[in-house]
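Biologist: Could you take a close look at the charged side chains in this model for me? I would like to hear how they pair up and where they sit.

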Amino acid sequence: MADHGNLAHMTSEPTRTDVTEAGDDGPVSQTLARVSRLHRLSGGKLLRPTGLCSGQEFLMMALWREGSVRQSELTKMLDLDPSTVTLMLRRLEQGGHVVRTRDPQDRRVMLVRASTESYALRPRVAQAWAHLEERTLDGLDDEEREAFARILSKIEKNLTSTDDG
């Protein structure tokens, strides 16, 4: 025979004092996560006419700025997993936006550069980002914009310098 007293205790819902609900202790982090998601979605919509997907513009901006680079260096610049960069490059290469070649000095090394055709996208990507910037900061005066940028820089520094992950 089962002990119904113990079963009731084991299946009862935890009380608020037993478990903190998700987000209760992190309203700023919760808001930042929502804002980051909305920012990414808005950026993706603005980039859609260029044929680039959200995130690909960072890779393209790096190539437009740096020229031909090792794929491993691109991975470091973007702070992404190598498999993620490989997949992004494959898609961008299929779309005619990047060219990958072997390094003539070291055949083990893959060099990546923006295709000549991709440079036509550069002003359109810059325009999309300028529009996103203005939309993001709409309603803030110059002083608020400067303060917001300073605060975000501090937050970025806090998050990149943590050792506890």
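Modeller: Happy to; here is a walk through the salt bridges, then a charged patch, and finally a serine for contrast.

A word on the basis: this is a predicted model, in which local features need pLDDT of at least 70, side-chain atom pairs count only at pLDDT 80 or more, and totals for chains, interfaces and linings use all residues. Residues are numbered from 1 along each chain as its sequence is written, and side-chain values use heavy atoms, with hydrogens and water left out.

Side chains of opposite charge can pair when their charged atoms come close. Here a salt bridge means a side-chain nitrogen of Lys or Arg within 4 Å of a carboxyl oxygen of Asp or Glu. By that rule the count is five salt bridges, and three of them are described below.

Let us begin with Glu-93 and Arg-100, whose closest N and O atoms are 3.0 Å apart. Glu-93 is partly exposed because its relative accessibility is 33%; the classes are buried under 20% relative accessible area, exposed over 50% and partly exposed in between, using a 1.4 Å probe and protein chains only.

Next comes the bridge between Glu-66 and Arg-65, with 3.3 Å between the closest N and O atoms. Glu-66, at 43%, counts as partly exposed, whereas Arg-65, at 54%, counts as exposed.

The pair Lys-76 and Glu-73 has its closest N and O atoms 3.6 Å apart. Both residues belong to helix H4 (residues 71–78), three residues apart, about one turn of the helix. Helices (H or I, at least four residues) and strands (E, at least two) are DSSP runs numbered from the N terminus. Lys-76 is exposed at 60%, while Glu-73 is partly exposed at 36%.

Now to the patch: Asp-141, Asp-142, Glu-143, Glu-144 and Glu-146 form a negative surface patch. Such a patch takes residues with over 30% relative accessible area and no salt bridge, joining like charges within 9 Å. Asp and Glu count as negative, and the place of the charge is taken as CG of Asp or CD of Glu. Glu-143, one of the patch members, is found in helix H7 (residues 142–160) and is exposed, with 65% relative accessibility.

For contrast, Ser-118 counts as buried, since its relative accessibility is 1%. Ser-118 lies in the loop between strand S3 (110–114) and helix H6 (122–137). Leaving out residues up to four places away in sequence, Ser-118 touches Met-60, Trp-64 and His-97, where contact means heavy atoms within 4.5 Å.

Methods
Patch = residues over 30% accessible without salt bridge, like charges linked within 9 Å, V, L, I, M, F, W, Y side chains within 5 Å. Areas by Shrake-Rupley, 256 points an atom, 1.4 Å probe, with all protein chains shown as cover.
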